[in-house]
Amino acid sequence: MTRPDKPVLKRRALLGGTAAAGVGAVVSSGGSAAAADGGSRYGRPLDQAAIDAVALRIEGNLIALRGDLHDHPEAAKKDGVGEGEVATSRIVGHLLRAAGLEVRTHVGGLGVVGVLKGARPGRTVAYRADMDAVPPNGIIPAGAKPTKPAHVCGHDLHTTVGVGVAQTLAQLRHRLSGTVVFVFQPGEETLEGAAAMIKGGALKDAPEEIHALHCGPFPVGQFAVTPGSGLPGQDEATLTVNGPDALARAERLTEEIKGLATVAFPRTPADLEKMVADVQTPNGPLAKFVVVRANATPDAEKGRATISVSYRCWPEERYVEVREAIRRLAKPYGGVEVRFRENPFPAMVCPEKDALALRRHLRHVLGPDAVTVMHAAFPFNGEDFALFLKKIPGTYTFLGVRTPGTVITEGYPHYGDFDPDVRAIGVGVRAMAGWLAERARG
């Protein structure tokens, strides 16, 4: 099976606020859809067949949108450096307005919120899509060291799926129950965007639950649900070693701290393949883990050395024991100052009930082979979607983007040769539009 060709996107027109041939044109046919239902107050109840028909009609335009976003990556502004997701935010806002949503921009910075109200009564649910690219220091090089941001985590695809779901449901709003709130988030890579959007009122429409997709190293079109699992948080420590031999002592202590790790960073495609198999294994080798990064740097002028530690663990409660272990390792070195961040960044833990309900839905819509279950978390990845799930329940699901027969790094985020199969876009739109419509119906 070949990948679809990429239609042309009129980016300049979108940024200028004028509907463009291609992407902009697909959002204006809601009235004709209503007429086709006979002009009744509500029309027929919304079903998956209607969703599939609209999603198929706009798929080529969405592939063009993803291609454009991919070619113009924007990393989140960090410590005052960079411009942020300026153009991406403008394009998303334009497309949501063109689809007829109520749109708020600059929510917690460059965040965009679109509200779609269905004609039928129901619940309010939310969908989150992240928009930022990966900065150079977050890319695992496939060759030369990267010097520019790149969409190697799939956020361009996430944004596209979110826009596609909004456009699909907007064309069917006369049959949609309840309200769907679309949250387009900047700054996921910096773990700052979710907090800023929540503070800026992203949830002020009072959704009862929130859902998200993320690209994953599974076969294209397959979903991996995460009942009771998710992704680890992160804790950080700074240790200061004093004295004339500070650096040598700090280097020895660094190696001892690294020894707390139970999982080694994958070095080969075979290591990645094993990790993907392990997260799908009940009570497998990743049911509990600690991963550690630590580095010692000298400060000769002050006669000291500093150890910077970053680590993740599962389950989240293990932070207490890991902190104690670091203090215990430092004690024999005499006078080492140990400082931890005030609170670890929280783990993302998905409610089991909601994830299993999503699994049932996806199996019904796409077939039993379209869904797998993650019984453990990927050890080396984190997500600030955790902060949304601290506020309201929801789901976080991996969307398979790996083309059959390709090396796993082409389907595993953050690798320099990451190349998601764009056929996943249409599958993601169909699945999430149907899921959100069902949850809003209640």
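Let me start with Y412, which is buried in this predicted model, at a relative accessible area of 5%. Y415 also counts as buried, with 10% relative accessibility. Both values fall under the 20% cut-off for buried residues.

How are the rings of Y412 and Y415 placed relative to each other? A pair of aromatic rings is described by two things, the distance of the centres and the angle of the planes. For Y412 and Y415, the centres are 5.8 Å apart and the planes stand at 90 degrees, so this pair is edge-to-face. Planes over 60 degrees apart are what that label requires.

In total the structure holds 11 aromatic pairs. Y412 and Y415 also belong to one aromatic cluster, together with F218, F378, F385, F388, Y396 and F398.

Next, the nonpolar cores. The largest one has 65 residues. Which of its members touch the most other members? They are L101, V165, L169, F182 and F184. As for secondary structure, helix α12, residues 423–441, gives the most to this core, with 11 residues.

Take L169 as an example from that group. Leaving out residues up to four places away in sequence, L169 touches L46, I51, L116, L176, V180, F182, A433, L436 and A437. F182, on that list, is itself one of the residues touching the most other core members.

There is also a second core, separate from the one just described, with 44 residues. Its members include V107, L231, L286 and A386.

Now the backbone, where I have three places to point out.

The peptide bond from W314 to P315 is cis, and its omega is near -5 degrees. On the map, P315 sits in the loop between β10, residues 304–314, and α9, residues 319–330.

Then there are two residues with a positive phi that are not glycines. A206 has a phi of about 60 degrees. A206 is found in the loop that runs between α6, residues 193–199, and β5, residues 210–219. Is A206 buried or exposed? With a relative accessible area of 52%, A206 is exposed; the cut-off for that is over 50%.

The other residue is N283, whose phi is positive at about 50 degrees. N283 lies in the loop between α8, residues 269–279, and β9, residues 289–299. N283 is exposed too, at a relative accessible area of 78%.

To close, back to the start: Y412 and Y415 are an edge-to-face pair, and both sit in the aromatic cluster.

Key
Residues numbered from 1 in each chain as written. Predicted model: local features only at pLDDT ≥ 70, side-chain atom pairs only at ≥ 80, totals over all residues. Heavy atoms only, no water. Core = buried A, V, L, I, M, F, W, Y, C linked by side-chain atoms within 4.5 Å. Buried < 20%, exposed > 50% of the residue type's maximum accessible area, 1.4 Å probe, protein only. Helix = DSSP H or I, 4+ residues; strand = E, 2+ residues; numbered from the N terminus. Contact = heavy atoms within 4.5 Å. Phe/Tyr/Trp six-rings, centres within 6.5 Å; stacked < 30°, edge-to-face > 60°.
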